[in-house]
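User: Hi! I'm new to protein structures and would like to learn about salt bridges. Could we go through this one together?

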Amino acid sequence: MALDVDGTMVDPGTQLLSDRVRRAVRQVASSGSHLVIATGRSMLGTLPVLDELGVTEGVALCSNGAVRVDVATREAVSVETFDPQPVHARLAPLLPDSLFAAERIGMGSLVTAPFAPEELHGPQWQVGLGELLGQPVPRFIANWAGRHPAEVWGRLEGVELPGCTYTIDHYEPWVTVVPAGVSKAAALEKLRLELGVAAEGTFAAGDGDNDLQMLEWAHHSVAMGQAPATVRLTAAEVTAPVTEDGLVPALERWFPGR
């Protein structure tokens, strides 16, 4: 059972995980299903969600699949990285005056200028471009602050980034960049094979551009009601929005009596 965090379990407007969602996820996890949190968040942003859910074992896939975390030890056990320098060189003129952030796993982020406290999880260190781009990273973020996500889509339509895959947020003017070939779906398929789970035994729920491949991967996929049309059309089922705890009836329908 692969679950996105923001927009699926957590309401982006309030940054809260409701009691109903918490109970429903815990019930399914306690039934013996493999619960996998699959999120664009960094490891630092994911650990508090695991704590809220009471999850103490298994795997979490962070940074859109670039970082695999052992939930029991709270350690990153697998990391994919890329060189952010050519990516920055491509994005900077397309999204002028953007803020950039490079993830430092389990520590925080190097930034070109401070992000709002609620935008990045953990400490931020403002540094020069030389330091920001000086070493491989699992996740690189461009935040075109003050713009609308649709403007980001317009600027990046048809654009390819060297050696990387990127997704665009539909709540904020964010671009999240990870290594080429990395996605939630790719990381989940690798995990599925390791665990010996049949393809027919996979379930995923999400709401964003970074969930599209995951929803295509799952045998049964659920899109949240507030998701963009491209996401809703990809999923097998569309449930109510996250503000109405739409994940709960979907879990109850597919995991009855648990």
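User: Is Arg-139 buried or exposed?

Analyst: Happy to help! First, this is a predicted model, where local features need pLDDT of at least 70 and side-chain atom pairs count only at pLDDT 80 or more, while totals for chains, interfaces and linings use all residues. Residues are numbered from 1 along each chain as its sequence is written, and side-chain values use heavy atoms, leaving out hydrogens and water. Buried means under 20% relative accessible area, exposed over 50%, and partly exposed in between (1.4 Å probe, protein chains only). With 8% relative accessibility, Arg-139 is buried.

User: Which residue meets Arg-139 in a salt bridge?

Analyst: A salt bridge is a side-chain nitrogen of Lys or Arg within 4 Å of a carboxyl oxygen of Asp or Glu. Here the N to O distance is 3.3 Å. The partner has 2% relative accessibility and counts as buried. It is Glu-103.

User: How many salt bridges are there?

Analyst: One of them joins Glu-52 and Arg-22, with the closest N and O atoms 2.9 Å apart. Counting by the 4 Å rule, the number of salt bridges is 12.

User: Which residue is linked with Asp-4 and Lys-184 in a network of salt bridges?

Analyst: The side chains of Asp-4 and Lys-184 meet at 3.1 Å, N to O. Both Asp-4 and Lys-184 are buried. The residue that joins these two in the network is Asp-211.
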